Structures are given as C-alpha cells and as structure tokens.
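This briefing covers one helix, one buried contact site and the cysteines. Please read it alongside the sequence and coordinates.

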Amino acid sequence: MSMFDVEDVPIRSERTPHPMSDIDTALTSQLVVAWAGETGEERRLGWWRSDLVSEYGGEDLFRRLLPGTWRWAVLQGAREAACRKDAELRRQDHDPDRVVSLFSLGFELDERIDERFQDLKRSGRAPDEALPGLTIVSDGWCRDQFWDWVMGHGEADAAASPIGRRLKGSPPIALDLRVRKLVAGLAPAADTYPLPHYMRAS
C-alpha cells in the first residue's frame with residue numbers, strides 16, 4: 001500500500017501523541033509473544049517455526065556471530081518469525097490493510113517501534129535492562145507464567161472470524177490500551193496463533 005493511501009492517514013496522524021513508554025510497552029509485548037510462540041527443542045506454544053531464543057538454538061549461533069548484540073538478535077529473529085505468521089493470516093482477509101494486530105499496529109507506529117528496537121539494540125544494554133518487562137523471557141519458559149502474563153492485560157471481547165479472533169469495537173486510540181486488548185485477545189490458549197485483531201474503518 002502506498003504511503004499516500006487515504007486509509008493510511010488516520011494511523012499516520014498518530015505520530016505525536018504516543019509517549020516512548022507506550023512504544024516500549026508495544027515492543028515488549030511483541031517480543032514476549034514472539035518468544036512464547038516459538039517451537040524448537042524447548043517447545044513453547046509452537047505458533048511459528050523458529051527456535052532462536054534458546055541455549056542450543058539461535059543463542060549458540062548468534063553468540064558466536066554477534067557477541068555484542070546476540071541477545072537482541074535472537075529476539076529480533078523471533079519477532080520476525082511472529083510478524084511473518086501474523087502477516088500470512090492477515091493476507092487471508094479480503095481487505096488486509098484494515099486489520100490491526102499486535103504485529104501490525106499501523107504504518108507509522110510500526111516504523112516507530114522498529115526504530116526504537118534498533119536504538120535499544122545499539123545502546124549496549126541487555127534487553128531485560130532496557131525493557132524490564134522482558135524478565136519473563138530471561139526467567140525461562142513456564143506456560144502458566146506466560147498465561148498469567150496474558151491474563152494480567154485484562155479481558156477482550158472477541159468473536160471468531162475467518163482469520164482469527166476479531167476484537168469488538170474500534171481499535172483504542174491510546175496505544176497502551178490497544179496493545180493490552182490485543183494481548184488479552186490471545187486468551188484462551190489455542191494450538192495455533194489466534195491472531196487477535198481489530199478491523200479499522202475504511
């Protein structure tokens with residue numbers, strides 16, 4: 001979609017209002033869900049075929065290739081796997097540009113989150129130091145702990161749709177609330193990625 005498309009205007013106009021703390025919340029949530037959705041030797045939810053955030057998977061390789069930024073690199077790889085699965089499901093909708101999900105929050109917001117990730121990666125700080133919400137990742141996989149984290153985001157009123165779980169109503173304007181609802185929409189647990197999403201107006 002062109003950056004000049006009419007549908008893009010409401011999302012692009014949001015650049016100013018979102019504080020950095022909300023951008024960090026969105027990025028943290030993306031990274032936690034990306035990590036939890038991995039498959040591999042330490043099987044987590046198995047929503048995408050990647051095994052990057054694990055000692056004998058991606059960590060071993062990236063520790064040797066990128067000794068300074070490997071912790072960020074494995075999270076970045078898991079996030080990319082999650083983004084691809086999210087995009088694959090969104091493309092099944094007749095109007096995928098209207099679908100708002102945790103990994104597709106709107107063109108401008110997606111750019112800001114990507115920029116923030118790169119800034120943090122260059123900062124020299126460890127991920128869970130830069131984004132304290134990532135301690136759930138550094139603590140290691142515990143299914144109950146992950147679902148407790150999801151439930152801590154509140155409840156989302158959703159209905160089944162051909163591409164996943166459609167959350168009722170319009171996407172909240174406040175980014176932190178939008179992210180909380182999208183994370184809450186991951187519950188109840190499913191064998192495949194449930195794609196909680198909003199449909200924004202045409």
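The points below are grouped by topic.

The model is predicted, so local features need pLDDT of at least 70 and side-chain atom pairs count only at pLDDT 80 or more, while totals for chains, interfaces and linings use all residues. Residues are numbered from 1 along each chain as its sequence is written, and side-chain values use heavy atoms, with hydrogens and water left out.

**Helix 5**
- Helices are DSSP runs of H or I with at least four residues, numbered from the N terminus.
- Helix 5 covers residues 107-122, and its 16 residues should span 22 Å at 1.5 Å a residue, where the expected span is 1.5 Å times one less than the number of residues.
- The end C-alpha atoms of helix 5 are 23 Å apart, which agrees with that expectation.
- Buried residues (under 20% relative accessible area, 1.4 Å probe, protein chains only) of helix 5 include Leu109, Ile113, Phe117 and Leu120, and also the charged-type names Glu108, Asp110, Arg112, Arg116 and Lys121.
- Gly124, just after helix 5, has a positive phi of about 85°.

**Val137**
- Val137 belongs to helix 7 (residues 135-138) and is buried, at a relative accessible area of 13%.
- Beyond its neighbours within four places in sequence, Val137 is in contact with Val32, Trp35, Val53 and Leu75; contact means heavy atoms within 4.5 Å.
- From Val137 to Val32 the C-alpha distance is 6.6 Å, with the two positions 105 residues apart in sequence numbering.

**Cysteines**
- Cys83 is buried, with a relative accessible area of 19%.
- Cys142 is partly exposed (20% to 50%), with a relative accessible area of 35%.
- The disulfide count is zero, a disulfide being a pair of cysteine sulfur atoms within 2.5 Å.

Notes: Helices (H or I, at least four residues) and strands (E, at least two) are DSSP runs, numbered from the N terminus.
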